[in-house]
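Colleague: I should like a close look at one part of this model, namely its largest cavity. Which element gives the most to the lining of that cavity, and what does the lining consist of by class?

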Amino acid sequence: MRARAGEAVVFGMIVAGLLGILGGLVLSVGALGTPERVTLEVLAQLATVLIVLFTLLAIVVLTLVWLERKQLARMQSRVGPTRVGPFGLLQPVADALKLIMKEDVAPGTSSKLLFFVAPLLVFVPGFVVWLTIPFARDVVVRSLDMGLFFFIAISVLSIVGLVLAGWSSGSKYAVLGGIRAAAQLISYEIPIIMTVLTVAMLADSMSFVVVVEAQRTVPYIVLQPLGFVVFFLAGLAEVGRTPFDVYSAESEIVGGPFVEYSGAHWAIFFLAEYVNTFVIGAVAALLFLGGWSWPFGDLPAAAGVALFLGKTYLVVMAIFWVRATYPRLRIDQLMSLGWKVLIPLSFAVVVATAVQLFYDWPRWTLPAMSLAVLAVPVVMQLRGGRRRALAEARRYAERAVVVEAKPRPQRPQEPLEPQEAGA
Amino acid sequence: MPPVGYAVDWTAIVLAFGVGVAALGAMLAVAKLLAPRRPSAAKAIPYESGIVPTPLNWTQFNIRYYVFAILFLIFDVEAVFLFPWALIFLETASYVFYAMMLFIAVLLFGVAYAWRKGVLEWR
């Protein structure tokens with residue numbers, strides 16, 4: 001009964017979302033009376049481009065899996081995969097094939113349809129975002145006017161998929177993981193929204209192309225370093241990478257929403273994590289690192305694409321590096337980092353940027369304000385951490401029970417006797 | 001490149017969802033063909049550290065998640081107001097800027113209140 005009601009609610013939500021998108025389509029085609037017509041030729045063109053994009057993305061994701069394993073291995077003084085293909089490059093392909101050939105088990109308690117739909121809901125938004133991410137000025141499928149807003153609106157959808165996966169499994173760990181995913185991801189969504197908003201204010205546009213063009217001379221990481229820090233941390237949490245992988249923590253809730261998944265459906269979750277990581281890397285590169293632009297003049301399109309991909313891989317490798325360095329946060333630390341540090345900081349970013357733009361202060365005041373605000377939590381953390389550590393050490397010292405070692409009674413030593421063979 | 005316009009943009013969005021679902025669907029179909037299928041009663045038991053699970057599979061969870069959801073809702077609604085404002089506040093009358101600063105101040109006061117009340121503590 002309970003499962004039925006939940007299914008009905010979730011399907012209502014999905015249908016409502018689809019109706020919204022279709023409504024937008026109908027409105028834009030019909031009521032607004034746009035001059036262009038969506039002909040079959042346009043449809044075919046779009047479909048071809050999207051299929052090519054999907055294929056490229058799939059290849060990139062497989063190389064990312066390899067890259068992460070190699071990088072982590074190097075950081076832990078291992079060699080990583082070496083056997084399959086040159087430098088172990090085909091290892092992810094072999095893994096994917098293995099997963100596809102495994103049995104796809106669904107627990108008897110699960111609500112089957114939702115259970116099998118949930119992985120798609122996590123993966124597909126990560127792909128749809130690429131619709132509007134430009135690789136170079138003209139190398140983009142559709143340069144949407146509301147690109148930044150589109151990115152936020154679409155990437156949030158994967159939260160629904162995770163909650164759904166957790167809930168529909170009908171397993172205790174999965175439910176806990178799903179609820180944790182909801183709490184974590186919505187908390188860290190706000191800093192992302194605020195930092196993206198800052199970029200929109202600076203560039204006076206919400207189109208990715210215009211944002212990058214505005215960073216020709218000075219990338220926004222220089223103007224707004226705090227914004228980049230907040231975006232990076234919140235992005236890490238948003239894709240559930242290691243210091244923030246509280247919702248899928250293997251050693252606490254054994255994989256969270258993914259406990260019951262196996263075979264191809266689990267493979268989709270696995271790939272979705274990398275797609276989303278790559279999206280965060282790409283968006284960070286576009287919003288803060290200047291995308292395909294370069295402060296020393298114009299670049300040809302191919303070089304621009306290479307530069308953009310290089311910056312993206314740089315961010316992604318930083319994300320992997322964080323995974324190799326930091327242990328997982330506890331859930332209370334995670335929530336307080338989100339609500340007590342990142343959200344106030346992200347508002348500080350927005351207000352500082354708005355004030356600088358509105359009063360038309362010189363440009364250097366923005367990084368100065370940004371760094372000053374960033375210094376506050378750093379100093380507080382360092383001082384507070386020291387104070388807490390000292391207090392804890394004192395508590396332990398008070399509670400310590402000193403055990404006096406008694407001298408042991410000396411046992412008379414037994415003389416070793418040789419064992420008789422065959423006794 | 002297809003022509004510029006909202007109709008094409010929307011079509012592309014719908015198509016992108018379609019392509020994503022279709023590609024993954026193809027992968028799942030291949031998996032269905034290749035993967036073995038031997039269901040058994042033991043496999044259908046949900047995982048619970050190797051013991052037979054207790055009957056309530058949708059376990060209870062703490063009410064504090066609900067508080068965070070409500071707080072999030074406030075901020076999310078606010079984002080809807082902030083985005084249009086961000087693009088026009090330099091061009092329009094200056095009270096637009098002050099009004100939004102006031103709005104943000106009220107919101108931050110809300111967070112400070114929740115913080116002071118101990119709502120943000122995870123216990």
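Modeller: Helix α3(A) gives the most to the lining of the largest cavity, contributing five residues; helices here are DSSP runs of H or I of at least four residues, numbered from the N terminus. This is a predicted model, in which local features need pLDDT of at least 70 and side-chain atom pairs count only at pLDDT 80 or more, while totals for chains, interfaces and linings use all residues. Residues are numbered from 1 along each chain as written, chains are lettered from A and ligands numbered from 1 in the order written, and side-chain values use heavy atoms, without hydrogens and water.

The structure holds one cavity of 30 Å³ or more (grid points, 1 Å apart, where a 1.4 Å probe fits but cannot get out; lining residues have an atom within 4 Å of a point). The space in this largest cavity comes to about 80 Å³, counted as that filled by probe spheres on the points. Two or more lining residues come from each of α2 (40-75), α3 (91-100) and α12 (263-287) of chain A.

From chain A, the lining takes Leu62, Val65, Pro92, Asp95, Ala96, Leu99, Ile100, Ala267, Phe270 and Leu271, and from chain B it takes B:Met27. By class, ten of these residues are nonpolar, none is polar and one is charged; Asp, Glu, Lys and Arg count as charged, Ala, Val, Leu, Ile, Met, Phe, Trp, Tyr, Cys and Pro as nonpolar, and the others, Gly among them, as polar.

The presence of B:Met27 in the lining leads to the interface. The contact (heavy atoms within 4.5 Å) takes 72 residues from chain B and 89 residues from chain A. Chain B and chain A bury about 7,700 Å² between them, 79% of it on carbon and sulfur atoms; this is accessible area (1.4 Å probe) lost on being put together, summed over both. On the side of chain B that touches chain A, at least two residues come from each of α1 (6-34), α2 (64-88) and α3 (94-117) of chain B. Of these helices, α1(B) gives the most, with 22 residues. That side of chain B has 54 nonpolar, nine polar and nine charged residues.

Charge pairing completes the picture. Across the interface of chain B and chain A there are zero salt bridges (a side-chain nitrogen of Lys or Arg within 4 Å of a carboxyl oxygen of Asp or Glu), whereas a search of the whole structure finds seven over all chains. One of them involves helix α2 of chain A, which also supplies the cavity lining: A:Glu68 forms a salt bridge with A:Arg323, their closest N and O atoms being 2.8 Å apart. This pair links distant parts of the chain, with A:Glu68 in α2 and A:Arg323 in helix α13 (residues 301-325) of chain A, 255 residues apart.

Technical notes. On a 1 Å grid over the protein atoms alone, a cavity is a set of points where a 1.4 Å probe fits but cannot get out, and a pocket is an open set with protein on both sides within 12 Å along at least five of seven lines; lining residues have an atom within 4 Å of a point. Buried area is the accessible area (1.4 Å probe) that two parts lose on being put together, summed over both.
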